[in-house]
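Here are some notes for a colleague who is opening this structure for the first time. They are set out as numbered points, to be read with the model in view.

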Amino acid sequence: MRRSVQLHRGAEPCWDHHAAQVLSLPIVVIVHGNQDNNAKATVLWDNAFSEIERVPFVVAERVPWEKMCDTLNLKFMAEVQTTKGLLKEHYFFLAQKIFNDHSATPEDFQSRSVSWAQFNKEILPGRGFTFWQWFDGVLDLTKRCLKSYWSDRLIIGFISKQYVCKLLSTEPDGTFLLRFSDSEIGGVTIAHVIRGKDGSSQVENIQPFSAKDLSIRSLGDRIRDLRQLRNLYPNTPKDQAFGCHYNSEP
């Protein structure tokens, strides 16, 4: 860019013109609010994976999954403003989601690379949104309504419904955990086990709560309201786990 700069020569100021060039963080110009999500994905990808000494606007089409994990973790911590980042089991779930592969091991994913299309163009199987749209919804919900719960490690969050069933099916009646919804953008759901008189178990998932729901009544108070919930997985009484998040009843 070119700017006019005021210089002083002796006591008399004078104006001179100098060319100044600076690097900025990537920017995207949008014309409508519905482009915001895609713009954020573009900025994140460019900021994380571009090289300084590059041809302008050229960014890698594919990046190692491990670098993507680091990027998602840094983004999550910065956006939510928490010191509690993503864990190895979270990365495993996210890899299964973005690669649509539930047979690979965590080690298998370490050698893979992820494409821009997988990140922000391809619709997730059986859904109406991309990986980034889903992840960004989780960011927004956690930032707005769940920061303290996440920071206290009360939310597992990034875990599949199938794995939840495996974890809870052998637990006592009323054991529950919290996970981010797979079917909705920006939702958190409570999965809990119901054990029958014959000892059989059934895992149920409560309808996901959105940011709007949680602005009306907090997650802690909703958990207190649900009498069928007893222990946060694996074995912490719910009042002990969530008591400091309860609001005083009028």
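**Notes on the predicted model**

1. A loop is a convenient place to begin: Gln81 lies in the loop between α2 (65-80) and α3 (88-99). This residue has a positive phi of about 60 degrees although it is not a glycine, and with a relative accessible area of 58% Gln81 counts as exposed. As background to this, most residues other than glycine have a negative phi, and most peptide bonds are trans. Please keep in mind throughout that the model is a predicted one.

2. Arg153 also deserves a look, since this residue has a positive phi of about 60 degrees without being a glycine. Arg153 sits in the loop between α6 and α7, where it is partly exposed, its relative accessible area being 33%.

3. For the chain as a whole, the model shows ten helices and nine strands, and 41% of the 250 residues count as buried. Among the contacts with a separation of 6 or more, 49% are made by residues 24 or more positions apart. The accessible surface amounts to about 14,700 Å², and carbon and sulfur atoms account for 51% of that area.

4. The sheet to examine is an open one of five strands, in the order β7-β6-β5-β8-β9, with mixed pairing. Its edge strands are β7 and β9 (236-237), each of which pairs on one side only. Strands β5 and β6 pair in the antiparallel sense over five bridges, and along this pairing Phe176 stands opposite His192 in β6, while Arg179 stands opposite Thr189 in β6.

5. On its other side, β6 pairs with β7, in the antiparallel sense and over five bridges, with Arg195 standing opposite Ser201 in β7. The hairpin of β6 and β7 has five residues between the strands, and Gly199 takes a positive phi near 90 degrees there. Six of the eight residues of β6 are buried, and this strand is therefore largely enclosed by the rest of the structure.

6. Which residues does His192, in strand β6 (residues 188-195), contact beyond its neighbours within four places in sequence? They are Leu168, Thr175, Phe176, Gln202, Val203, Glu204, Ile206, Gln228 and Leu229. His192 has a relative accessible area of 3%, so this residue is buried.

7. Two helices should be viewed against this sheet. Helix α6 (residues 131-151) lies across β5 and β6 and runs at about 135 degrees to β5. Helix α7 packs on the sheet, where it touches β5, β6 and β7, and its direction makes about 165 degrees with that of β5.

8. Why can the buried residues of helix α7 (residues 161-168), which are Val164, Leu167 and Leu168, be placed on the same side of α7? They cover an arc of only 85 degrees around the axis, and therefore they lie on the same side of the helix. These buried residues pack against β5 (175-180), β6 and β7 (201-205), whereas Gln162 and Lys166, on the other side of α7, are exposed.

9. The largest nonpolar core has 55 residues, and the residues with the most contacts inside it are Trp65 and Phe158; α6 gives the most to this core, with eleven residues. Apart from it lies another core, of eight residues, including Leu167, Leu168, Val193 and Val203. Phe158, not counting residues up to four places away in sequence, touches Phe76, Leu86, Glu89, His90, Phe93, Leu94, Trp134, Phe135, Val138, Trp150 and Phe180.

10. A last point concerns the loop between β8 (231-232) and β9, in which Tyr233 is found; Pro234 is in the loop between these strands as well. A cis peptide bond joins Tyr233 and Pro234, with omega at about 5 degrees. Tyr233 is partly exposed, having a relative accessible area of 26%. Although Tyr233 and Thr175 are 58 residues apart along the chain, their C-alpha atoms are separated by 5.8 Å. Leaving out residues up to four places away in sequence, Tyr233 touches Ile156, Leu167, Leu168, Glu171, Thr175, Phe176 and Leu177, and among these Leu167 and Leu168 are buried residues of α7.

Methods
Residues numbered from 1 in each chain as written. Predicted model: local features only at pLDDT ≥ 70, side-chain atom pairs only at ≥ 80, totals over all residues. Heavy atoms only, no water. Buried < 20%, exposed > 50% of the residue type's maximum accessible area, 1.4 Å probe, protein only. Contact = heavy atoms within 4.5 Å. Helix = DSSP H or I, 4+ residues; strand = E, 2+ residues; numbered from the N terminus. Arc of directions from axis to C-beta. Pairing = 2+ DSSP bridges. Axes fitted to C-alpha atoms, helices over the stretch in contact; angles between N-to-C directions. Areas by Shrake-Rupley, 256 points an atom, 1.4 Å probe, with all protein chains shown as cover. Core = buried A, V, L, I, M, F, W, Y, C linked by side-chain atoms within 4.5 Å.
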